[in-house]
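Visitor: I would like to take one part of this structure and go through it slowly. Please start with a single residue and then work outwards to what surrounds it.

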Amino acid sequence: MGDFNPANYEDDFLADLVGFVASDDFQQLFEKFFLKYSVEFEYGEEQKLRYYEIYQDFHDMFESKLEEFCQSKGVSQAEFLKRCREASCTDEKSKLYMNILLSSVEYETFVKLMYIMKPVAERKLQMESESKQMDERYGNDVGMKGESKSSKQSDDDMKEMDDLRISDNADFKQSHYDDDDDYKSGNK
């Protein structure tokens with residue numbers, strides 16, 4: 001499993017990359033993307049063309065964020081790749097992290113992540129719908145004594161969903177190689 005703490009890397013450049021990818025800005029951007037589009041993914045033998053279109057949007061967004069990182073470090077994409085390759089050759093932890101990072105932008109891994117995120121997205125949509133129904137039924141005014149129990153529970157549920165991070169689902173990155181048939185059959 002990868003280490004997502006930048007302080008645990010010897011190579012400063014790779015540590016900065018780990019920190020960039022683990023940042024709230026990066027994580028929230030991709031989490032929103034996954035939550036928005038994962039509901040379109042269905043288990044089955046044949047994948048829809050739409051999945052690849054979504055993947056291309058994801059890939060473009062990922063490349064754009066890496067370009068942002070490169071610009072912040074004053075390096076070209078070629079220099080970025082060279083420095084990542086060098087760090088991977090000298091440190092096993094760096095090599096594992098780079099393998100995880102690079103595999104996350106491969107189409108098959110992307111689809112698996114969408115399958116993983118689909119139940120999370122569906123739950124979030126359900127909670128948002130329930131919250132909207134509560135607002136419509138009871139209004140936004142919660143009364144003189146503060147929040148109702150239902151509203152409090154809904155807020156707790158939303159916080160729980162907001163606390164979910166893509167990196168929390170990192171276990172799939174290591175295990176997806178072994179579980180490929182399970183994902184295709186819908187058992188994961």
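Is Ser 104 buried or exposed, and what is its relative accessible area?

Guide: Ser 104 is buried, with a relative accessible area of 13%. It counts as buried because that value falls under 20%. Keep in mind that the model is predicted.

Start with where the residue sits. Ser 104 belongs to the loop that joins helix 5 (92–103) to helix 6 (107–138). Its side chain reaches back to the backbone oxygen of Leu 101, at 2.5 Å. Setting aside residues up to four places away in sequence, Ser 104 touches Phe 58, Phe 62 and Thr 109. Phe 62 is 42 residues from Ser 104 along the chain, and the C-alpha atoms of the two are separated by 9.8 Å.

The next step outwards is helix 3, which covers residues 49–73. The axes of helix 3 and helix 6 come within 10 Å and cross at roughly 100°. That angle makes helix 3 roughly perpendicular to helix 6. On the helix 3 side, the contact is made by Tyr 51, Tyr 52, Ile 54, Tyr 55 and Phe 58. On the helix 6 side, it is made by Tyr 107, Phe 110, Met 114 and Tyr 115. By class, the residues of this contact are nine nonpolar, no polar and no charged. Phe 58 therefore has two roles in this account: it touches Ser 104, and it takes part in the contact between helix 3 and helix 6.

Phe 58 also leads to the nonpolar core. The largest nonpolar core has 41 residues, and those that touch the most other members are Leu 17, Phe 34, Phe 58, Phe 80 and Phe 110. Helices 1, 2, 3, 4, 5 and 6 each supply at least two residues of this core. Phe 110, like Phe 58, is also part of the contact between helix 3 and helix 6.

Phe 34 is another of these core residues, and its place is in helix 2. At 2% relative accessibility, Phe 34 counts as buried. Its C-alpha atom is separated by 9.7 Å from that of Tyr 115, although the two are 81 residues apart along the chain. The backbone oxygen of Phe 34 is also reached by the side chain of Ser 38, at 2.8 Å.

Ser 38 is a second buried serine in a loop, here the loop between helix 2 and helix 3. Its relative accessible area is 0%, so Ser 38 is buried. Apart from neighbours within four places in sequence, Ser 38 is in contact with Met 114, Met 117, Lys 118 and Ala 121. Met 114 appeared earlier, among the helix 6 residues that meet helix 3.

A third serine, Ser 94, is in helix 5 rather than in a loop. Ser 94 is buried as well, with a relative accessible area of 0%. Its side chain makes a polar contact with the side chain of Asp 91, at 2.8 Å. Beyond residues up to four places away in sequence, Ser 94 touches Tyr 9, Leu 14, Ala 87 and Ser 88.

Leu 14 brings us to helix 1, residues 12–22. Its buried residues are Phe 13, Leu 14, Ala 15, Leu 17, Val 18, Phe 20 and Val 21. These buried residues pack against helix 2 (24–37), helix 3, helix 4 (77–90) and helix 5. Asp 11 caps the N-terminal end of helix 1, with a side-chain oxygen 3.0 Å from the backbone nitrogen of Phe 13.

Helix 1 and helix 2 pack with their axes 4 Å apart, at an angle of about 45°. Helix 1 is therefore oblique to helix 2. Phe 20, Val 21 and Ala 22 of helix 1 make this contact with Asp 24, Phe 26 and Gln 27 of helix 2. By class, it has four nonpolar, one polar and one charged residues.

Last, the whole chain. The protein has nine helices and zero strands. Of its 188 residues, 37% count as buried. Among contacts between residues at least 6 apart in sequence, 77% join residues at least 24 apart. The pair we began with, Ser 104 and Phe 62, lies 42 residues apart along the chain.

Notes
Residues numbered from 1 in each chain as written. Predicted model: local features only at pLDDT ≥ 70, side-chain atom pairs only at ≥ 80, totals over all residues. Heavy atoms only, no water. Buried < 20%, exposed > 50% of the residue type's maximum accessible area, 1.4 Å probe, protein only. Contact = heavy atoms within 4.5 Å. Polar contact = N/O pair within 3.5 Å; in protein donor to acceptor, adjacent residues only side chain to side chain. Axes fitted to C-alpha atoms, helices over the stretch in contact; angles between N-to-C directions. Parallel < 35°, antiparallel > 145°, perpendicular 65-115°, else oblique. Nonpolar A, V, L, I, M, F, W, Y, C, P; charged D, E, K, R; others polar. Core = buried A, V, L, I, M, F, W, Y, C linked by side-chain atoms within 4.5 Å.
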